[in-house]
Amino acid sequence: MWRGALFLRMTALTLVASPTGLLAQSATTGALVGTAKDTTGAPLPGLLLRAVSGQVARTVTTDAQGGYRLGLLNPGSWQISAAKVGFATQTQTVFLPVNQTCTVNFRMATAAAATVEVIATSALIDAASTSTGIAFSLERMAAVPKGREITELARLAPGVSDAGFSGLGGMDFSVAGTSGAETSYGIDGLRTNDMRYGGHGVNLVSEFVDQVDLQTGGLKPEYSALGGVFNVLTKSGTNEFAGTAWATWTPEELRPAPKRGMAAKEPAAPTLFDAGMWVGGALLKDRLFYSLGVNLDASSLPGATNNGNSPIGGTRTTTTQLFAKLQYFPLPDHQLTASYFGTPSTRRQRGPGTHLEFADGYGSAATGATYSDSTANLSLVYDAVLSPTLTGSLKAGISRIANEVEPDSQAPRVGDRLFLQGPQTLDFQYSRGGYGSVNNETSRTRQASADFQWTLGSHVLKTGFSHLQADYALNLYATGGAYYTIDLDGEGLPRLRERVVHNDSEVKALYQAFYVQDAWELDPKLRVFFGFRSERQVQKDARGRSFLDFGFGGHIQPRLGLTYDVLGEGRSKLFASYAVYYEQVPQRM
């Protein structure tokens with residue numbers, strides 16, 4: 001399946017945009033570009049620019065045309081100073097979004113002893129990019145009402161709506177009418193899709209998040225998705241220590257009592273508790289930084305009775321989110337980042353109770369069980385400026401998702417369904433025995449990618465390769481080994497049904513991609529983008545045999561685009577793009 005897309009937009013801006021698209025930026029970094037001129041408009045070669053963040057300082061000198069480029073910068077606030085003998089020093093402060101290129105231009109006055117400071121704020125749009133969507137900083141949007149889980153932030157973007165699959169394989173929102181399985185998710189450079197079903201596989205509270213970039217169309221060749229690309233960057237430590245803490249408690253006694261009707265009874269409201277903290281700082285000033293977070297979320301629902309006054313077991317859910325990030329700068333323009341984020345969760349359903357299948361509440365089934373759901377993710381990213389014209393970004397990571405059920409009883413579950421015909425039709429279902437079916441699943445991925453970029457005159461060439469291997473293990477069985485159903489048919493004859501269920505298997509999948517693109521600056525206002533992406537997808541069964549293999553040659557995706565700055569100086573954008581996208585087939589379709 002594929003989709004062709006054509007986007008045409010025109011946006012008027014009051015502040016900076018980018019003269020060079022796709023400049024040494026990635027899913028975890030951004031870039032700065034610009035020009036330096038004197039008051040007559042003549043270019044200033046040899047001007048020294050110094051960009052300082054809360055972590056490191058980077059320097060660059062303008063070329064013969066007065067232009068400069070600074071790539072692979074950590075997103076956030078940067079202070080940029082320009083200095084040259086015979087000219088007044090000038091300083092600008094700019095906020096750099098993730099995965100975007102921002103422009104900071106300088107107009108230098110001559111022979112002034114005082115420092116002129118200009119405060120500028122970058123727009124959350126890359127004027128030289130053909131992508132549509134939204135990018136924002138969580139710190140800057142602190143006052144905006146939003147959900148605490150990161151994927152709920154996607155609904156802030158135009159074209160994103162509820163997919164109607166809440167709680168099913170992470171497919172709970174839709175981009176441009178697609179399902180959640182057709183969107184690509186990533187955190188700190190790690191692909192975090194649930195490869196079994198396709199949706200997002202990681203939950204993370206927004207207190208650990210720095211920036212979010214959601215692309216809904218016009219994707220660059222390093223990305224491919226029928227829906228959108230949801231990219232998250234977590235918080236980083238700086239030379240200045242910082243931290244936050246939070247706690248909320250909502251007791252069940254303060255919530256409305258459940259309503260009760262003739263046919264049903266509203267579930268009781270649970271007691272909720274949430275607490276956490278985040279800290280960040282420097283282990284070695286200007287070199288080694290840390291960012292740590294933990295969040296505990298607990299929900300407790302006491303036992304009750306249903307509408308037939310039969311007992312319903314209470315539940316208790318405990319979820320712990322852990323986050324850790326280390327960043328090391330061996331050189332100011334070389335960076336190694338290691339991130340870990342995991343979410344162990346346990347839900348205890350106490351028995352005796354009534355399984356959801358037996359909603360009338362009759363019977364004595366021991367339906368208690370412990371549900372364990374956990375994720376663990378580790379990513380490593382190395383970004384480096386290899387030469388004034390060459391940059392590289394290497395990423396590697398592993399992830400694991402596990403869903404397990406441990407029933408209180410291993411006895412067979414028996415369901416008795418009785419139909420009686422007469423003046424009154426009765427339909428009762430009785431449950432006896434144990435919990436029933438158990439479905440244990442484990443998904444693991446190993447992934448790596450490499451991206452390189454060359455600046456050759458008016459051309460910016462970018463190429464890369466990515467590899468992801470997914471292993472999915474399933475253990476499905478019925479407690480006691482069988483299901484039993486006894487009923488009476490229309491003739492009043494007894495009938496026994498027995499179904500034995502047991503399934504142990506492991507399947508594998510391979511996803512690889514290669515891309516190349518040229519961003520060609522025809523003049524300061526007009527830029528053209530052309531390239532392609534090629535993919536390979538392989539699905540293997542439990543015996544290791546390939547039953548689906550899409551080769552590179554059959555999955556070529558052209559990418560074409562252009563941008564035109566109508567007003568000049570990065571204050572407007574007219575752009576169009578055409579692209580073909582293929583769906584990544586999940587392992588459990």
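Is Gln 79 buried, partly exposed or exposed? Gln 79 is partly exposed, with a relative accessible area of 38%. The legends below start with the whole chain and then visit Gln 79 and other places in this predicted model.

**Figure 1. The whole protein chain is built with 38 strands and 0 helices.** Welcome to the overview! Of the 589 residues in the predicted chain, 48% count as buried. The accessible surface comes to about 26700 Å², and 60% of that surface belongs to carbon and sulfur atoms. Take the contacts between residues at least 6 apart in sequence: 67% of them join residues at least 24 apart.

**Figure 2. Gln 79 sits in strand E6, which covers residues 76-83.** Setting aside residues up to four places away in sequence, Gln 79 touches Arg 50, Ala 51, Val 52, Thr 91, Gln 92 and Thr 93. Look for Ser 53 as well: Ser 53 and Gln 79 are 26 residues apart in sequence, while their C-alpha atoms are 6.6 Å apart in space. Gln 79 counts as partly exposed because its relative accessible area, 38%, falls between the 20% limit for buried and the 50% limit for exposed.

**Figure 3. Gly 276 is a buried residue in strand E19 (residues 271-284).** Its relative accessibility is 13%, so it falls under the 20% limit for a buried residue. Leaving out residues up to four places away in sequence, Gly 276 touches Ala 245, Trp 246, Val 294 and Asn 295. Thr 244 is 32 residues from Gly 276 in sequence, with 8.5 Å between the two C-alpha atoms.

**Figure 4. Phe 208 and Trp 246 form a tilted aromatic pair.** The structure holds 8 aromatic pairs. In the pair shown here, the ring centres are 6.2 Å apart and the planes make an angle of 55°. The two residues come from distant parts of the chain, 38 residues apart: Phe 208 is in the loop between strands E15 and E16, and Trp 246 is in strand E18. Phe 208 is buried, with a relative accessible area of 0%, and Trp 246 also counts as buried, at 17%.

**Figure 5. Phe 289 and Phe 329 meet edge-to-face.** Here the ring centres lie 5.9 Å apart, with 85° between the planes. Phe 289 belongs to strand E20 and Phe 329 to strand E23, so the pair ties together parts that are 40 residues apart in sequence. Both Phe 289 and Phe 329 are buried. Elsewhere in the structure, ring pairs link Phe 173, Tyr 185 and Phe 230 into a cluster.

**Figure 6. Two charged side chains lie over aromatic rings.** The charged end of Arg 347 sits over the ring of Tyr 371, 3.9 Å from the ring centre. Lys 573 lies over the face of Phe 575, at 4.3 Å from the centre of that ring.

**Figure 7. Glu 441 and Arg 588 are joined by a salt bridge.** The structure holds 12 salt bridges, and in this one the N to O distance is 3.2 Å. Glu 441 lies in strand E30 and Arg 588 in the segment after strand E38, so the bridge ties together parts that are 147 residues apart in sequence. How do the partners sit relative to the surface? Glu 441 is buried, with a relative accessible area of 8%, whereas Arg 588 is partly exposed, at 34%.

**Figure 8. Arg 444, Arg 446, Asp 471, Glu 506 and Lys 508 are linked in a network of salt bridges.** Start with Glu 506 and Arg 444, whose closest N and O atoms are 3.0 Å apart. Glu 506 lies in strand E34 and Arg 444 in strand E30, so this bridge connects parts that are 62 residues apart in sequence. Then find Asp 471 and Arg 446, which meet at 3.6 Å, N to O. Asp 471 is in strand E31 and Arg 446 in strand E30, so these parts, 25 residues apart in sequence, are tied together too. Asp 471 is buried, at 6% relative accessibility, while Arg 446 is partly exposed, at 46%.

**Figure 9. A nonpolar surface patch covers about 670 Å².** Its members are Tyr 328, Leu 336, Tyr 382, Leu 386, Leu 394, Phe 452, Trp 454 and Leu 456. Strand E30 gives the largest share, 3 residues. Leu 456 has its place in strand E30 and is partly exposed, with a relative accessible area of 45%.

Key: Residues numbered from 1 in each chain as written. Predicted model: local features only at pLDDT ≥ 70, side-chain atom pairs only at ≥ 80, totals over all residues. Heavy atoms only, no water. Patch = residues over 30% accessible without salt bridge, like charges linked within 9 Å, V, L, I, M, F, W, Y side chains within 5 Å. Areas by Shrake-Rupley, 256 points an atom, 1.4 Å probe, with all protein chains shown as cover. Salt bridge = Lys/Arg side-chain N within 4 Å of Asp/Glu carboxyl O. Helix = DSSP H or I, 4+ residues; strand = E, 2+ residues; numbered from the N terminus. Buried < 20%, exposed > 50% of the residue type's maximum accessible area, 1.4 Å probe, protein only. Contact = heavy atoms within 4.5 Å. Phe/Tyr/Trp six-rings, centres within 6.5 Å; stacked < 30°, edge-to-face > 60°. Lys NZ or Arg CZ within 6 Å of the ring centre and 35° of its normal.
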